[in-house]
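Open the model in your viewer and keep the selection tool at hand. We will go from stop to stop, picking a residue or an element each time and looking at what lies around it.

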Amino acid sequence: MSLYPLYLAFCVVWIAVQLAFSDNFENTKKLLYKILLSAPMELCLVQSVFAGSFKFLHNGGTWFMSCLFVCYLFYPYVARTICSQSEKRNIMLALIMYFFSSYAFFPAYTYKFAGIYSNPLLRLLEFSIGIIIADSFMQRHEKRIKKNAWIFVAAASLVLFLALSFGARFVNQWRIETYNFIAIPCFSVILYFCARLETTFGFKHFKKAIILFAENTYAFYLAQSFSLLPAKYLMNHTDFFTTHGNLKKLLLSLVVTCLITVFFHYGIEKPCRILSKKLMKNNKGE
C-alpha cells in the first residue's frame, strides 16, 4: 500500500522533468497528449499487460512497478499452490519455469516476435521461482548451516559478474533476455544462502546496513531514472567531464540518486507506510 504513493510521486516528478526538458511546444503538446491517453493505465498499474507498449510507457522504471503489481495480484494463488506441494515437486516446477523463461528468447528472436523482456507472464514465472526459493528457505531456516556456505554466494556472484560482463562486451547479438540463463540460478543461490547464513549466524555488524538498503530498494530503483540528467546537463554546458569523465559521471549520478532516494523514501514512502499501518489498526479496532 505504501508503494503506490511512491509510484505516484515518481510519476509526477517524471512528468515535470520531461516537460521541463521539452525542446519546443509541439513536443510538449505530444507529451501532454500521451500523459492524458495513458493516465488510466498507469494509475491502475496495468501498463505492462499491453503488448507492444513497453517503449511508450516505460517512463524510466514505472514498468517494473506494474510488473510487480501484476505478480502480486497472482501471488496468493501461486503461493497457495507452491505451499501445498512437496519440495521435490516445487524444485521440478522451478526448473521447468527456469527453462521456459530462458528458452523463450530463442523463438522470439529467431522469428521476430514482439519483445519478450516486458512480457508480464515471463516476469510472473521469475516471480514464482522466487516464491519457491522462499518456501524452501522457510522449511529450513531453523536448521543450522555451515559458515563456509558463503563460498557458494561468492562463487555465484563471481559467475554472474563474469558472465554478464563477457556477454555484454564480447558476444555478438547479446540480448538482455538471455541473462536469465545465468541470472536466475545465480540470484537463486545468492538469495537462498544469504538468507540461511543470516538466520544462522546473525551477522549483527551488517544487520542495520541490510535493513537500510532493503527499505530503500524501491526508492533507489526509481531515483536512478533521474541520475544521468545532471551529468548530461554538465556535459553539454560545461567542461566538467573533460578529464576522468566516466568516473565523474558515475560519482555524480550516484550522489544525485542517493539524494533523490532520501526524498522518495523518507519524504513519501515511509510516512505513507506509517499512515497505512495506523489506518489498518484503526479498522481492526472498529
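Start by selecting Ile-131. Leaving aside neighbours within four places in sequence, Ile-131 is in contact with Tyr-75, Val-78, Ala-79 and Ile-82. Show those side chains too, and remember as you look around that this is a predicted model.

Now widen the view to the setting of Ile-131. The largest nonpolar core has 31 residues, and Ile-131 is among those with the most contacts inside it, together with Ile-116 and Phe-193. Which elements give two or more residues to this core? Colour helix H4 (62–83), helix H5 (87–103), helix H6 (105–110), H7, helix H8 (150–170) and helix H9 (180–201) to see them. H7 gives the most, with nine residues. For a second, separate core, select Ala-9, Trp-14, Ala-223 and Phe-226, which are included in its 17 residues.

Next, go to helix H7, residues 120–140, and pick Asp-135 there. Is Asp-135 buried or exposed? Asp-135 is buried, yet it has no salt bridge. The nearest side chain of opposite charge belongs to Arg-140, 7.9 Å away. Draw a distance line from the side chain of Asp-135 to that of Gln-139 instead, and you will find a polar contact of 2.9 Å. Not counting residues up to four places away in sequence, Asp-135 touches Ile-82, Cys-83 and Asn-90. Ile-82 may look familiar, as Ile-131 is in contact with it as well.

Move on to helix H1, residues 3–20. Its 18 residues, at 1.5 Å a residue, should span 26 Å, and the C-alpha atoms at its ends are 26 Å apart, so the two values agree. To see which residues of H1 are buried, select Leu-6, Tyr-7, Ala-9, Phe-10, Cys-11, Trp-14 and Val-17. Two names in that selection, Ala-9 and Trp-14, belong to the second core from our earlier stop.

The next stop is Phe-105, in helix H6. Phe-105 counts as buried because its relative accessibility is 6%, under the 20% cut-off. Try a distance from here: the C-alpha atoms of Phe-105 and Leu-73 are separated by 25 Å, and the two residues are 32 apart along the chain.

Two loop residues come next. Select Leu-45, in the loop between helix H2 (25–43) and helix H3 (54–57). Its phi is near 60°, a positive value in a residue other than glycine. Leu-45 has 9% relative accessibility, so it counts as buried. Then jump to Lys-112, in the loop between H6 and H7. The phi of Lys-112 is near 60° too, again a positive value in a residue other than glycine. What does Lys-112 count as, buried or exposed? At 64% relative accessibility, Lys-112 counts as exposed.

Finally, zoom out and show the whole chain as a cartoon. How many helices and strands does the chain have? There are 13 helices and zero strands. The C-alpha trace spans about 60 × 60 × 45 Å along its principal axes. Colour the chain by accessibility, and buried residues make up 34% of its 286 residues. Among contacts between residues at least 6 apart in sequence, 72% join residues at least 24 apart.

Methods
Residues are numbered from 1 along each chain as its sequence is written. This is a predicted model: local features need pLDDT of at least 70, side-chain atom pairs count only at pLDDT 80 or more; totals for chains, interfaces and linings use all residues. Side-chain values use heavy atoms; hydrogens and water are left out. Helices (H or I, at least four residues) and strands (E, at least two) are DSSP runs, numbered from the N terminus. Buried means under 20% relative accessible area, exposed over 50%, partly exposed in between (1.4 Å probe, protein chains only). Lys and Arg count as positive and Asp and Glu as negative; His and the chain ends are not counted. A salt bridge is a side-chain nitrogen of Lys or Arg within 4 Å of a carboxyl oxygen of Asp or Glu. A polar contact is a pair of N or O atoms within 3.5 Å; within protein, one must be able to donate a hydrogen and the other to accept it, and residues adjacent in sequence count only if both atoms are side-chain atoms. Contact means heavy atoms within 4.5 Å. The expected span of a helix is 1.5 Å times one less than its number of residues. A nonpolar core is a set of buried Ala, Val, Leu, Ile, Met, Phe, Trp, Tyr and Cys residues joined through side-chain atoms within 4.5 Å.
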